[in-house]
Structures are given as C-alpha cells and as structure tokens.
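Thanks for coming, everyone. Please look at the screen. I'll go through this structure one topic at a time.

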Amino acid sequence: ASHDHIGLTTIGVGVQFDAELATTIGSVRGGNLFFMRDEDDVRQVFRDEFDYMVSELAHDLTISITPEPGYNVSGVYGVPDGLMGWQNTRTVKITLPTVFLSSKGGALFVALARSREDSHLPARPPADGTPLASVELRYRPLNSGTAETDRVEAFAPPAKPSAAMQLGH
C-alpha cells in the first residue's frame, strides 16, 4: 500500500500492547509508531505531533557509515537492530523504510572505537582536519521515483562536545 501513497501509523497505548508487532508494523515502508503511556501522552501527541506523524519526507533511506583506518564502528543507537547490519567488514548500513518530520529532532548516535590492532596502545587524538568516518545517504524523496545520494565526512568536534553528544555518549 505504501507504493500507492498509503501510510499506516501504529499507536501503542499503555503497557499491555504487543510491542514487537507494533515495532514490526511501524518499521515497514510508510509505517510509523508512537507509544502513549497515559491520557496526558495521548493529548500531547495529538496536539503537538499529529502533523508530523502523518508527514512523510522520503522512503528507502540507507545510511552507510565507514570509519577511517584505525577506527571501527562500536555501536549504533537510535534505530532497532533489525534495521541495520554490516554492509562489508568495515561499513555499517542502516535502512529506514520511511523518514517522517519530527518536532523532537530524532537522531542516530554512532560510536567509534580504535581498531582492535591498536587497542593495546595509548589513545591518540585524531589529527586536525582528518575525518573519522564517511557517511553516505541514499533515499527517494516523497513523490519521486529517483533515488538521491549524498556523502559527508564526520569529524571530531573541535572543542568540548555539545550537551547532546555528551548525553549520547
């Protein structure tokens, strides 16, 4: 149905709903998932999030993260395990069937660690201007049959990490 521009938003209410089934349904192309604990959550979601929960931006997003030599991906947070895996021995690939607007600024957190062959050595800060990883995006904008790609380099922060990065860490 998603290829006919029909989406499905799944809403889990309270603690006694089938979270595994809801996550599966919310993870397909055109699917979305919200969890509401109580009446206050219901009010907040429908007051503040309704326009976002039905606003698809893109489909078939893949994010490929390839660390530079000397580093490995040691963790990815913010996406269910079933939506990511190894593309090759160095690259982690995340697949998100649908991208929605969000007022909460959803994010992925990727942790890098030194390569195993260097793990016994003292930590070495990255050289200024040297990327830590390459991130490649591929997606289909809503109402477009053409896939678009982009690539960015991820660098170490130049100063003290932001509060959000510290919280993620």
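Let's start with a pair in helix H2: about how many helical turns separate Glu39 and Arg43? About one, because the two are four residues apart in helix H2, which spans residues 39–53. Their side chains meet in a salt bridge, 2.3 Å from N to O. By salt bridge I mean a side-chain nitrogen of Lys or Arg within 4 Å of a carboxyl oxygen of Asp or Glu. Glu39 is exposed at 54% relative accessibility. Arg43 is partly exposed at 45%. The cut-offs: buried is under 20% relative accessible area, exposed is over 50%, and partly exposed is in between, with a 1.4 Å probe and protein chains only.

A word on the source. This is a predicted model, where local features need pLDDT of at least 70, side-chain atom pairs count only at pLDDT 80 or more, and totals for chains, interfaces and linings use all residues. Residues are numbered from 1 along each chain as its sequence is written, and side-chain values use heavy atoms, with hydrogens and water left out.

Now the overall layout. The protein has three helices and nine strands. Helices are DSSP runs of H or I with at least four residues, strands are runs of E with at least two, and both are numbered from the N terminus. The order from the N terminus is β-α-β-α-β-β-β-β-β-β-β-α. Along the principal axes, the C-alpha atoms fill a box of roughly 50 × 40 × 25 Å. There are 169 residues, and 28% of them count as buried. Contact here means heavy atoms within 4.5 Å. Among contacts with a separation of 6 or more, 62% join residues 24 or more positions apart.

Next, the surface. About 11,400 Å² is exposed, and carbon and sulfur atoms supply 56% of it. That area comes from the Shrake-Rupley method with a 1.4 Å probe.

On to the inside. Which residues make up the largest nonpolar core? There are twelve: Leu61, Ile63, Ile65, Val73, Val76, Val79, Leu83, Val92, Ile94, Leu96, Ala133 and Val135. Four strands each give two or more residues to this core: S3 (56–67), S4 (71–77), S6 (92–100) and S8 (131–141). A nonpolar core is a set of buried Ala, Val, Leu, Ile, Met, Phe, Trp, Tyr and Cys residues joined through side-chain atoms within 4.5 Å. Take Val76. Leaving out residues up to four places away in sequence, Val76 touches Met84, Val92, Ile94, Phe109 and Val110.

Back to charges. The whole structure has seven salt bridges. One of them pairs Asp60 with Arg140, with the closest N and O atoms 3.8 Å apart. This pair links distant parts of the chain: Asp60 is in strand S3, Arg140 is in strand S8, and they are 80 residues apart. Salt bridges that share partners also join Glu39, Asp40 and Arg43 into one network.

Are Asp60 and Arg140 buried, exposed or partly exposed? Asp60 is partly exposed at 30%, and Arg140 is partly exposed at 28%. The backbone at Asp60 deserves a look too. Asp60 has a positive phi of about 55 degrees, although it is not a glycine.

One last pair. Asp41 forms a salt bridge with Arg37, with the closest N and O atoms 3.5 Å apart. Asp41 counts as buried, at 15% relative accessibility. Arg37 counts as exposed, at 58%.
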